Each structure stands twice: as structure tokens, then as C-alpha cells.
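User: Please go through this model with me as a series of short questions. I would like each term given with its cut-offs.

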Amino acid sequence: MKKFLLSVSFALTLGAADLPYWIEPCERKETGCSAGDVELGRWALEAWQSASDGRLRFVAADRDHARLRIVWALPEEGLYGETVPIEVHGQAGAQVNVRIVDPGGGDRLLRDTIVYLTCLHESGHALGLAHTRNFADIMYSFQFGGDIAEYFGRYRRQLATRQDIRKYSGLSAADRAHLRDALRSR
Ligand SMILES: [Zn+2]
């Protein structure tokens with residue numbers, strides 16, 4: 001497996017506590033999405049929200065008004081994901097492109113792990129977080145050469161059911177601290 005695309009370094013400027021988001025419904029089957037992927041994206045945003053000590057609140061919006069959009073990318077559109085800046089009615093926004101990577105082998109929870117962690121990593125960029133060299137972090141970059149199968153595998157091993165994804169945020173203590181720093185510095 002290959003590394004995350006290098007993501008753009010920028011941050012959503014959060015004027016208000018509420019951050020409108022939209023996650024593309026799974027309608028373009030050629031992306032390899034399934035209906036439950038919308039929920040995985042939402043859980044990823046909820047994980048950051050929980051880590052923010054109340055400074056961040058995602059609220060569902062329609063696509064046109066959403067400053068953070070999660071979109072399912074086509075296979076040829078990159079590796080796991082990338083985050084690109086967009087403008088939303090004069091305000092800074094971010095579009096998170098997530099490519100569905102099915103590792104094969106019939107392990108549905110591994111596939112869902114990859115979708116969830118990719119949403120989590122890329123939405124971290126949207127919130128202003130940079131890559132780290134620490135393999136324990138969700139913001140770790142594979143460009144530093146870590147074991148990609150283990151990166152996903154260690155999370156997957158915590159799961160007995162899909163609902164367990166809500167129990168294990170995938171964020172390290174350092175990720176949480178970096179988020180709080182990013183929110184404080186605005
Ligand atoms: Zn990245």
C-alpha cells in the first residue's frame with residue numbers, strides 16, 4: 001500500500017464554534033463506496049469534536065453551505081486521500097477527498113478501518129494539523145516510512161464489531177494536544 005497524498009497545509013478559519021459539514025451520500029458506486037461510509041465519516045468528525053474540549057462543533061449542512069465536505073474519490077484520483085482548500089460563500093473551506101481502498105481478503109472491518117482512519121487523517125488536515133513523525137499519531141505520514149499494514153492493523157485488532165469504531169477514536173494524546181493548540185492559535 002502507498003502513502004497518503006501529501007496534503008495541503010492550511011486550516012479552516014473558525015469564526016464561530018459551529019462548523020457546517022456535508023458528507024457525500026454513496027451514490028457513485030464507481031468510487032467503491034457503500035452506504036455506511038457516510039456514518040464512518042461522521043464518526044471521524046465526532047472524534048475530533050470530542051477531542052476539542054467543546055471548541056469545535058460540527059453541524060450537518062447541505063453541500064452548498066458546508067465548509068468541510070467529505071467526498072468519495074474515484075480510484076484514479078489519488079491514493080488514500082487528500083484535502084484541498086475551497087471557498088464557501090467567501091469563507092475558507094476544505095474538501096476532503098477519500099478514496100475507498102478495499103484491501104481484499106474479505107475483512108470488512110479492515111476495509112472500514114481504512115475508510116475511517118483516512119477520513120480522520122484528512123479532516124485533521126482540514127482543521128489545520130500537519131503531519132507528524134510519530135507512528136502512534138493519526139497525523140503520522142507514511143512518507144516517514146512506517147509499516148502501513150500495521151498502521152491500519154493495530155486499529156483493526158481493537159474492533160470486534162463495527163460499532164466499536166465509535167469507542168476507539170484512533171487519536172493519540174499528541175493528536176489531541178495538536179488539535180487544541182491549533183484551535184487556540186486562532
Ligand atoms: Zn496527510
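The turns below cover the overall layout, the sheet, the core and one helix pair.

Analyst: This is a predicted model, in which local features need pLDDT of at least 70 and side-chain atom pairs count only at pLDDT 80 or more, while totals for chains, interfaces and linings use all residues. Residues are numbered from 1 along each chain as its sequence is written, and side-chain values use heavy atoms, with hydrogens and water left out.

User: In what order do the elements of the protein chain run from the N terminus on?

Analyst: Helices (H or I, at least four residues) and strands (E, at least two) are DSSP runs, numbered from the N terminus. The protein chain has four helices and five strands. From the N terminus on, their order is β-α-β-β-β-β-α-α-α.

User: Which strands stand at the edges of the sheet?

Analyst: Two strands pair if DSSP finds at least two bridges between them. The open sheet of five strands has mixed pairing and the order β2-β1-β3-β5-β4. A strand at the edge has a single partner, so one side of it is left without a neighbour in the sheet; this holds for β2 (57-60) and β4 (81-88).

User: Which residue in β5 stands opposite W72?

Analyst: Strands β3 (residues 68-73) and β5 (residues 91-99) run parallel and are joined by six bridges. Along this pair, I70 stands opposite V96 in β5. For W72, the residue opposite in β5 is V98.

User: What is the bridge partner of I86 in β5?

Analyst: β4 and β5 pair in the antiparallel sense over eight bridges. They form a hairpin with two residues between them, and H89 in the turn has a positive phi of about 50°. The partner of I86 in β5 is G93.

User: Is V88 buried or exposed?

Analyst: Buried means under 20% relative accessible area, exposed over 50%, and partly exposed in between (1.4 Å probe, protein chains only). V88 lies in strand β4, and among its contacts (heavy atoms within 4.5 Å), not counting residues up to four places away in sequence, are D64, H65 and G93. R67 is 21 residues from V88 in sequence but 6.0 Å away in space, C-alpha to C-alpha. V88 has 4% relative accessibility and therefore counts as buried.

User: Which element gives the most to the largest nonpolar core?

Analyst: A nonpolar core is a set of buried Ala, Val, Leu, Ile, Met, Phe, Trp, Tyr and Cys residues joined through side-chain atoms within 4.5 Å. The largest one has 47 residues, and those with the most contacts inside it are W48, F58, I70, W72, Y116 and L120. The elements that each supply at least two of its residues include β1 (18-23), α3 (148-156) and α4 (173-184). The one that gives the most, with eight residues, is α2.

User: What is α1 relative to α2: roughly parallel or oblique?

Analyst: Axes are lines fitted to C-alpha atoms, for helices over the stretch in contact, and angles run from 0 to 180 degrees between N-to-C directions. The axes of α1 and α2 come within 9 Å and cross at roughly 45°. Angles under 35 degrees count as roughly parallel, over 145 as roughly antiparallel, 65 to 115 as roughly perpendicular and the rest as oblique. The crossing angle therefore makes α1 relative to α2 oblique.

User: What percentage of the residues of the protein chain count as buried?

Analyst: The protein chain has 186 residues. By the cut-off of under 20% relative accessible area, the share that counts as buried is 48%.
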